[in-house]
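Thanks, everyone. I will go through one pocket and two helix packings, and then stop.

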Amino acid sequence: MKKPLAPRPEAAPGLTPALERNIHALVERRKREQSDASIQQKVADAITSFTGSMQFVYLHLFAFGFWIAANVRWLPGISPWDESFVVLAMIASVEAIFLSTFVLISQNRMAAEADRRAELDLQISLLTEHEITKVVALLNEMAPKMEIDPRQNEELQEAASDIAPERVLDKIDQGLSGRNNAPAARSQKPE
């Protein structure tokens, strides 16, 4: 007897138990990935999260606004310390260097996650296509017993052929480069 992949949670209204289980598994995986992240990744993500918030904007509006107002003598009783704004410009430049680095670190991690998800999507799509091809082939075998001639429908015959994904990619690449002599994308006979 097969063991289920994950405990079968109670399905929310509008969701199937399988969909609920998949959502639960993805949430658990995301939690595990976040807990397995290095300290550097967690720090970079926390900084990037804060710098992408309105609190960060308000903090800078206040700090830079105060700096500028004090140094152009708009605030009585406060002596200017950076009338040419060279120090402010240097602080802003150094901050921009570090912030852009933290953003790039977070983007690199997110891009790696997106690549993994795209690879998973591709594998699932290829598996689905293969399974559907097998189901169509089986239906084509069952059709004569039900007195249906599947050969009359050209699309059913075509759907019963396996797709060669590497040939599809070759055809796409050739189409993008303007060449039209790509090999056929489907094999000629079903397995």
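Three helices each supply at least two residues to the lining of the second largest pocket: H1, residues 17-36, H2, residues 39-51, and H4, residues 86-142. Keep in mind that this is a predicted model.

Which helix gives the largest share of that lining? The answer is H1, with four residues. The pocket itself holds about 220 Å³ of space. Its lining consists of Arg30, Glu33, Gln34, Asp36, Ala37, Gln41, Lys42, Asp45, Arg109, Glu113 and Arg116. Sorted by class, eight of the lining residues are charged, two are polar and one is nonpolar.

Now the helix packings. In general, a pair of packed helices is described by two quantities, the angle between the axes and the distance between them.

Take H2 and H4 to begin with. Their axes lie 9 Å apart, and the packing angle is about 115°. That angle makes H2 roughly perpendicular to H4. As for handedness, H2 passes H4 in a left-handed crossing. On the H2 side the contact uses Gln41, Ala44, Asp45, Ile47, Thr48 and Thr51, and on the H4 side Leu99, Phe102, Val103, Ile105, Ser106 and Arg109. The classes here are six nonpolar, four polar and two charged residues. Some names return from the pocket: Gln41, Asp45 and Arg109 are in this helix contact, and they are also among the residues that line the second largest pocket.

The other pair is H3, residues 54-71, with H4. How do these two axes cross, and how close do they come? They cross at roughly 160° and come within 11 Å. H3 is therefore roughly antiparallel to H4. This crossing is right-handed. H3 contributes Phe56, His60, Phe64, Trp67 and Ile68 to the contact, while H4 contributes Val87, Leu88, Ile91, Ala92, Glu95 and Leu99. By class, that gives nine nonpolar residues, one polar and one charged.

One residue to note on H4 is Leu99. It meets H2, and Leu99 is also part of the contact with H3.

To recap the geometry: H2 is roughly perpendicular to H4, and H3 is roughly antiparallel to H4. That is all I have.

Technical notes. Residues are numbered from 1 along each chain as its sequence is written. This is a predicted model: local features need pLDDT of at least 70, side-chain atom pairs count only at pLDDT 80 or more; totals for chains, interfaces and linings use all residues. Side-chain values use heavy atoms; hydrogens and water are left out. On a 1 Å grid over the protein atoms alone, a cavity is a set of points where a 1.4 Å probe fits but cannot get out, and a pocket is an open set with protein on both sides within 12 Å along at least five of seven lines; lining residues have an atom within 4 Å of a point. Grid points are joined across faces, edges and corners, and a volume is the space filled by probe spheres set on the points. Ala, Val, Leu, Ile, Met, Phe, Trp, Tyr, Cys and Pro count as nonpolar, Asp, Glu, Lys and Arg as charged, and the others, Gly among them, as polar. Axes are lines fitted to C-alpha atoms, for helices over the stretch in contact, and angles run from 0 to 180 degrees between N-to-C directions. Angles under 35 degrees count as roughly parallel, over 145 as roughly antiparallel, 65 to 115 as roughly perpendicular and the rest as oblique. A crossing is left-handed if the near helix is turned anticlockwise from the far one by less than a right angle, and right-handed if clockwise. Contact means heavy atoms within 4.5 Å.
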